[in-house]
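This report covers charged side-chain contacts and a metal site. The sequence and structure are shown first.

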Amino acid sequence: AKQKGRNTWHVYSQELHDELASRLEISKRLRHAIEHEKLTLYYQPQVDMTTRKIIGLEVLVRWIEDDGTIIGPDQFIPIAEDSGLILPISDFVLQNACKQLGRWRQQGFTDLRISVNLSGRQFQTPDLTKQILFAIRNAGIPAAYVELELTEQVLIENQESHTQFMHDMRENGITLAIDDFGVGYSSLSYLKHFPINALKIDRSFVKDIPEDKDDATITQTIISLAHNLDIGIVAEGVETEEQAQFLIERGCTIAQGFYYSKPLPVDEITQLLSQSNG
Ligand code: C2E
Ligand code: CA
Ligand code: CA
Ligand code: CA
């Protein structure tokens, strides 16, 4: 057993070493990518399932390598959060998304909203509120068409400063959504204390409805909760007609998912907007 233990430790240590080396390597390449503007924004429609109209777009960052390979955020956002690179990335995302919304507004898509993800690390910067307001003013767009997505985890970590931040946002007309709702380990009391506009039902619940009875119950309960609190509701990860039907029948009419559209670059989104919102 001792021998086995030592071997296990040895293997683990080697893996840990490789893992650290590769994280460091990714950090280095990511820093270079930021400096050379190799990050780009994709947008995924949030669709009114009853009318098929696009009411909002979630902004999702991508890293395009020189050979054209697209690296998804799951592969670099966690590393960027550890290294602090998430701060320049977030600023890039916010500034560019606001400017793009300005262009879409000039093309006539004036009731379109953008949703931008916030990272917990951004709350450690003193001027987050200023930074957000600057990006919006600089782009000349109304604040009411900008929504910020925060996960439950991010909210729980520092309730005090978040409360002030959220009120500052709401006072300026910016709306707030809770991302991945239902997977955090929080109490529900924050829904009462925080000025939240919408809940996004996590994809893990939507994935197996309507067959999985537990997931169906949880999804239905989250929808009722939002309705009773007078909060908006968006279903994430809708991939099938059956899921869409289930949600519509229970009063959730806005969805984001591959059934309606994958995240797409600006040109393709503009085409889609012309077809569905033109
Ligand atoms: P998220 O905020 O929950 O974003 C939704 C993710 O679900 C996106 O993955 C989207 O492509 C995926 N998705 C949407 N519909 C479906 C579906 O029907 N089926 C499946 N299987 N997946 C679907 P993506 O773009 O890879 O982003 C992953 C995560 O990376 C995001 O999860 C978010 O946490 C983070 N992220 C992306 N962009 C940013 C950013 O600009 N800033 C920060 N802080 N985080 C970001
Ligand atoms: Ca999100
Ligand atoms: Ca989500
Ligand atoms: Ca499940």
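The text below goes through the salt bridges and then the calcium site.

The model is predicted. It holds 10 salt bridges, among them the three listed in this table.

| Pair | N to O distance |
|---|---|
| D66 and K38 | 2.8 Å |
| K200 and E58 | 2.9 Å |
| R250 and E249 | 3.7 Å |

**D66 and K38**

The side chains of D66 and K38 form a salt bridge with an N to O distance of 2.8 Å. D66 sits in the loop between β2 (54–64) and β3 (70–71), and K38 in the loop between α1 (2–35) and β1 (39–48), so the salt bridge ties together parts that are 28 residues apart in sequence. The relative accessibility of D66 is 69%, which counts as exposed. K38 is partly exposed, at 26% relative accessible area.

**K200 and E58**

A second salt bridge pairs K200 with E58, and their closest N and O atoms are 2.9 Å apart. Here the partners lie in strands: K200 in β7 (residues 198–201) and E58 in β2, which are distant parts of the chain, 142 residues apart. Are these two residues buried or exposed? K200 counts as buried because its relative accessibility is 1%, under the 20% cut-off. E58 is also buried, with a relative accessible area of 4%. The two residues belong to a network of salt bridges that links E58, E149, K200 and E236.

**R250 and E249**

The side chains of R250 and E249 also meet in a salt bridge, at 3.7 Å from N to O. R250 is partly exposed, at 29% relative accessibility. E249 is exposed, with 60% relative accessible area.

**The calcium site**

Which residues coordinate the calcium ion (ligand 4)? The ion is coordinated by D208 and D215, each through OD, at 2.3 to 3.0 Å. D208 is partly exposed, with a relative accessible area of 29%. D215 counts as buried because its relative accessibility is 11%, under the 20% cut-off.

**Summary of the contacts**

In the K200 and E58 salt bridge, K200 is buried and E58 is buried. In the D66 and K38 salt bridge, D66 is exposed whereas K38 is partly exposed. In the R250 and E249 salt bridge, R250 is partly exposed and E249 is exposed. At the calcium ion, D208 is partly exposed and D215 is buried.

Note on methods. Residues numbered from 1 in each chain as written. Chains lettered and ligands numbered in written order. Predicted model: local features only at pLDDT ≥ 70, side-chain atom pairs only at ≥ 80, totals over all residues. Heavy atoms only, no water. Salt bridge = Lys/Arg side-chain N within 4 Å of Asp/Glu carboxyl O. Helix = DSSP H or I, 4+ residues; strand = E, 2+ residues; numbered from the N terminus. Buried < 20%, exposed > 50% of the residue type's maximum accessible area, 1.4 Å probe, protein only. Donors = N, O, S within 2.8 Å, 3.2 Å for Na, K, Ca; no water.
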